[in-house]
Amino acid sequence: MKKTILILGLLLMVTMGFAQNYSLEFDGVDDYCEIPHSSELSFVGEQQFTIELFVKKTEINRYGSLIAKGLAGDPENSNYYFEFRSNNSVLFGWENNNGSNQSISGGEILDFEWHHIAGCWSGQS
């Protein structure tokens, strides 16, 4: 029993000692974060997924890619993407189960407040 508690205590100390609080901050000009390809981040066929973001605009009437798997701004070569359109709407796009791309446009964001946006693919719609 003492051995188990000691090991658990050491694990907690090591975990807490190495835990890091980390975030990214973008100035809205030319920043991005690139993550190397991983098939675990690809959603294909009838696989269900949801992508959620918290976003805050810094300009009105400006295009901007928020997140993309594949080539940002290139729907033909993207597995999924979220972007601000120049008309202030939010566009969510994905590759559906027959290999074609679909997208749906959400409402306009016309303020500089934080917004929670989500895109879901049920495998069928």
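In what follows, Ala, Val, Leu, Ile, Met, Phe, Trp, Tyr, Cys and Pro count as nonpolar, Asp, Glu, Lys and Arg as charged, and the others, Gly among them, as polar. These classes are needed below for the lining of the largest pocket.

The model is a predicted one, and its confidence is best considered before its geometry. The mean pLDDT of the chain is 74, with 70% of the residues at 70 or more. Among the elements, strand 6 (residues 114-121) has the highest mean pLDDT, 88, while helix 1 (residues 2-18) has the lowest, 41. Over residues 1-17 pLDDT stays under 50, and the model has 0 contacts beyond four places in sequence for this stretch. Where pLDDT is low, the predicted coordinates should not be read in detail.

The secondary structure consists of 1 helix and 6 strands, which follow one another along the sequence as α-β-β-β-β-β-β. Of the contacts in the chain with a separation of 6 or more, 49% join residues 24 or more positions apart. Buried residues make up 23% of the 125 residues.

Leu53 illustrates how parts of the chain that are distant in sequence come together. This residue belongs to strand 1 and has a relative accessibility of 16%; it counts as buried because that value is under the 20% limit. Leaving aside residues up to four places away in sequence, Leu53 touches Leu66, Ile67, Phe82, His115, His116 and Ile117. Its C-alpha atom is separated by 9.0 Å from that of Gly119, although the two residues are 66 apart along the chain.

Two of the partners of Leu53, Leu66 and Ile67, lead to the largest pocket, for they are among the residues that lie nearest its centre, together with Phe26, Asp31 and Ser65. The pocket holds about 1,500 Å³ of space and is lined by 35 residues. Strand 1 (49-56), strand 2 (64-70) and strand 3 (78-84) each supply at least two residues of this lining. The largest share, 7 residues, comes from strand 2. By the classes set out at the start, the lining has 19 nonpolar, 7 polar and 9 charged residues.

Two asparagines call for attention in the loops. Asn61, in the loop between strand 1 and strand 2, has a positive phi of about 60° although it is not a glycine. Asn88 lies in the loop between strand 3 and strand 4 (89-95), and its phi, near 80°, is likewise a positive value in a residue other than glycine. Are these residues buried or exposed? Asn61 is exposed, because its relative accessible area of 52% is over 50%. Asn88, by contrast, is buried, because its relative accessible area of 4% is under 20%.

The cysteines may be considered last. The structure holds 0 disulfides. Cys33 has a relative accessible area of 48% and is therefore partly exposed. Cys120 is also partly exposed, with a relative accessible area of 48%. Neither value is over the 50% that would make a residue exposed, nor under the 20% that would make it buried.

Terms used:
Residues are numbered from 1 along each chain as its sequence is written. This is a predicted model: local features need pLDDT of at least 70, side-chain atom pairs count only at pLDDT 80 or more; totals for chains, interfaces and linings use all residues. Side-chain values use heavy atoms; hydrogens and water are left out. pLDDT is the predictor's confidence in each residue, from 0 to 100. Helices (H or I, at least four residues) and strands (E, at least two) are DSSP runs, numbered from the N terminus. Contact means heavy atoms within 4.5 Å. On a 1 Å grid over the protein atoms alone, a cavity is a set of points where a 1.4 Å probe fits but cannot get out, and a pocket is an open set with protein on both sides within 12 Å along at least five of seven lines; lining residues have an atom within 4 Å of a point. Grid points are joined across faces, edges and corners, and a volume is the space filled by probe spheres set on the points. A disulfide is a pair of cysteine sulfur atoms within 2.5 Å. Buried means under 20% relative accessible area, exposed over 50%, partly exposed in between (1.4 Å probe, protein chains only).
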